[in-house]
Amino acid sequence: MRPDNDVLAEVVEMLTEVVGEDFLLEQEVGPDTAFNADLGLESIEFVALAERLQRRYGRRIEFAAFIAGMDLDQIMNMTVGDLTAHISARLAAPAEDAPAPDAAPDAVPAPGAASAPAAPAAYA
Amino acid sequence: MAYVRARGIRFHVVDLGRDTGRSPVVMLHGLFTGSAASWFFTVAPALARTRRVRLPDWRGHGLTERTPTGYDTATMADDLAALTADLPPFAITGHSYGATVAVRFARAHPGRTTALALVDPPFVEADLRGHTVPDVVRGAVADLLTLTSLPSDLAAEPPVTAAELAELAGLPVLAVVGSGSPFRAAADLVGQALPTARRHVLTGGHDLHITARARLTPLLGAFLEEAHA
């Protein structure tokens, strides 16, 4: 398990991949930074961040379940700290709670012709 | 899955949930401000608890490449076929223009669709005064309007008719419309064409996945279960 600060640094790094370094240079991103109000993160960019989170941490972070339990106002007002707290809690959860990242179907490209390797930097 | 090259275009597709023996559901967003995020932050996470869910970004939307042309429903139904080629037969939930493409896809690929949920489908002539897009249209939406054939494709698109819907007899169909939507009468059209189709009016406008999320989510979940889809 990682200390919260490591998770924060990793989330900021993934955020940078999604929105671009130039954009984030002007922002001091901390736990109180709101994705929408402070960063102006568009909803589809948030989806792209969620995909990176899943690739990094595996299914055990259960991002979809996290979202399903929130109302739309809570989602709209989510802060970086809300997200890192969830990730830290999931990473600290007992391993039998969820499969390891390597066993996660979504963590690898789907088999077959329709699959393609992820292109993490392409939209940075 | 994140990015998929199909038909010469780089598409962005989000997969949620896992294979459970139930049919997957493919959720199709509407035009302009719609994207995979429309479902990702609303209904999809709850459905993904029990089945695989796929959320494509249409061409020109979300993180999928913007093409100059190809925004007619026939081309987009072919896009959908390419983006779902690896799936077993699946249910479709389509919002707005996504519902129109869903109907065209289901007719073109009869064995591929197990159930069809139409969320505020734009199947009727609507008085759109008071429902126009904001004055300040920026970014991707402005690009779609000015740099692509989408506006003319949309204008040239033949509306879904009762006769066309009647061809879907035998397929479980659900139509959900907003009480304040300009397309509310689409539920009546669906009912005329398909008397066994389930129909619901929810309090809300056109974007029911947002304005009526709490009621739409269990409605779609129950429909998918009942349809054995």
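pLDDT is the predictor's confidence in each residue, from 0 to 100. We will use it on this predicted model, where local features need pLDDT of at least 70, side-chain atom pairs count only at pLDDT 80 or more, and totals for chains, interfaces and linings use all residues. Residues are numbered from 1 along each chain as its sequence is written, while chains are lettered from A and ligands numbered from 1 in the order in which they are written.

**Exercise 1.** Find out where chain A has its lowest and highest mean pLDDT among its elements.

*Solution.* Start with the whole chain: the mean pLDDT of chain A is 78, and 73% of its residues reach 70 or more. Next, take the elements (helices are DSSP runs of H or I, at least four residues; strands are runs of E, at least two; both numbered from the N terminus). Helix α2 (residues 21–25) of chain A is lowest with a mean of 76, and helix α6 (residues 80–92) of chain A is highest with 95.

**Exercise 2.** Check the length of α6(A) against its expected span.

*Solution.* The expected span is 1.5 Å times one less than the number of residues. For the 13 residues of α6(A) this should give 18 Å, and the end C-alpha atoms are 18 Å apart, so the two agree.

**Exercise 3.** Work out which residues of α6(A) are buried.

*Solution.* Count the other C-beta atoms, placed from the backbone, within 10 Å of a residue's own: 20 or more means buried, 12 or fewer exposed, and in between partly exposed. Val80(A), Leu83(A), Thr84(A), Ile87(A) and Arg90(A) come out buried. Seen down the helix axis, the buried residues of α6(A) fall within an arc of 130 degrees (taken from the directions from the axis to the C-beta atoms), so they line one face of the helix. On the other side, Ala89(A) and Ala92(A) are exposed.
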